[in-house]
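Hi,

Here is the structure I promised to send over. Have a look at it first, and then read my notes below.

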Amino acid sequence: MSNLDNMLQKAVTSIPDCVAAGYVDLSSGMVLSIKTVDSHPTEVFELLAAATTDLFQGPNVSAIEKIFRKARGLPENNDHHYFQEIIVNSDNLIHVFIRGKRQQQVACFVCRKSANLGMVLTKSRLAMPEIEAAL
């Protein structure tokens, strides 16, 4: 996992005002790696993994995707997911969640609210191939 750690650290330094980057496995609900500029309790990372899994695979999201599949005439067991990126703006931070190409991992990037959202998205997307290749 050291290569994954290195790629996440590289993302933290290349994404504007990034304070944390993590990689979550949706099938296990675990954080595979995380890099932050500050220290945080382990509970925060566990909650990040649970929240990320809910965002991408919670019952309501799964229901919406099922409706989309049905409307498009796709089989129910299709592994494609419609929600690929989610952006959450909180009081002080921008949270960007990007699903990986393999569909079972999500990268999470947390940046200060003062960052340019367009640059955060661009740099986050550019970081994904290296992060995915590191696993």
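**Helix faces and a buried arginine**

The face of H1 turned away from its buried side carries two exposed residues, Ser2 and Thr13. Before I go further, bear in mind that this is a predicted model.

Let me stay with H1 for a moment. Its 13 residues reach 18 Å from first C-alpha to last, close to the 18 Å expected at 1.5 Å a residue. Which residues of H1 are buried? They are Leu4, Met7, Leu8, Ala11 and Val12. Looking down the axis of H1, you'll see these buried residues fall within an arc of 145°, so they line one face of the helix. The cover over them includes S1, S2, S5 and helix H4 (117-133).

Met7 is a handy one to click on. Met7 sits in helix H1, which runs over residues 2-14. With a relative accessibility of 18%, Met7 counts as buried, because the cut-off for that is under 20%. Leaving out residues up to four places away in sequence, Met7 touches Glu130, Ile131 and Ala134. If you want a sense of scale, try Met7 and Thr42: they are 35 residues apart along the chain, and their C-alpha atoms are separated by 21 Å.

On to H2, which covers residues 42-57. At 1.5 Å a residue, its 16 residues should span 22 Å, and the end C-alpha atoms are 23 Å apart, which agrees. Ala49, Thr52, Thr53 and Phe56 are the buried residues of H2. Down the axis of H2 they fall within an arc of 100°, so they too line one face of their helix. On the other side of H2 you'll find Glu43, Leu47 and Asp54, which are exposed. What do the buried residues of H2 pack against? The list is strand S1 (18-25), strand S2 (30-36), helix H3 (59-71), strand S3 (85-89), S4 and strand S5 (105-112).

H3 tells a similar kind of story. For H3, 13 residues at 1.5 Å each should span 18 Å, and its end C-alpha atoms are 18 Å apart, which agrees. The buried residues of H3 are Val61, Glu65 and Arg69. They cover an arc of only 75° around the axis, which puts them on the same side of H3. Those buried residues pack against H2. Over on the other side of H3, Pro59, Asn60, Ile67, Lys70 and Ala71 are exposed. After H3 comes Gly73, with a positive phi near 70°.

I saved Arg99 for the end. Arg99 is in strand S4, which spans residues 93-99. Is Arg99 buried or exposed? Arg99 is buried, and yet it has no salt bridge. Glu65 is the nearest side chain of opposite charge, at 4.5 Å, and Glu65 is also one of the buried residues of H3. A polar atom of the Arg99 side chain does lie 3.1 Å from the backbone oxygen of Phe83. Setting aside neighbours within four places in sequence, Arg99 is in contact with Leu26, Phe56, Gln57, His81, Phe83, Gln84, Gln105, Val106 and Met128. You have met Phe56 already, among the buried residues of H2.

If you only have a minute, start with Arg99 and Phe83, then turn to the buried face of H2.

Cheers

Notes: Residues numbered from 1 in each chain as written. Predicted model: local features only at pLDDT ≥ 70, side-chain atom pairs only at ≥ 80, totals over all residues. Heavy atoms only, no water. Helix = DSSP H or I, 4+ residues; strand = E, 2+ residues; numbered from the N terminus. Buried < 20%, exposed > 50% of the residue type's maximum accessible area, 1.4 Å probe, protein only. Lys, Arg positive; Asp, Glu negative; His and termini not counted. Salt bridge = Lys/Arg side-chain N within 4 Å of Asp/Glu carboxyl O. Polar contact = N/O pair within 3.5 Å; in protein donor to acceptor, adjacent residues only side chain to side chain. Contact = heavy atoms within 4.5 Å. Expected span 1.5 Å × (residues − 1). Arc of directions from axis to C-beta.
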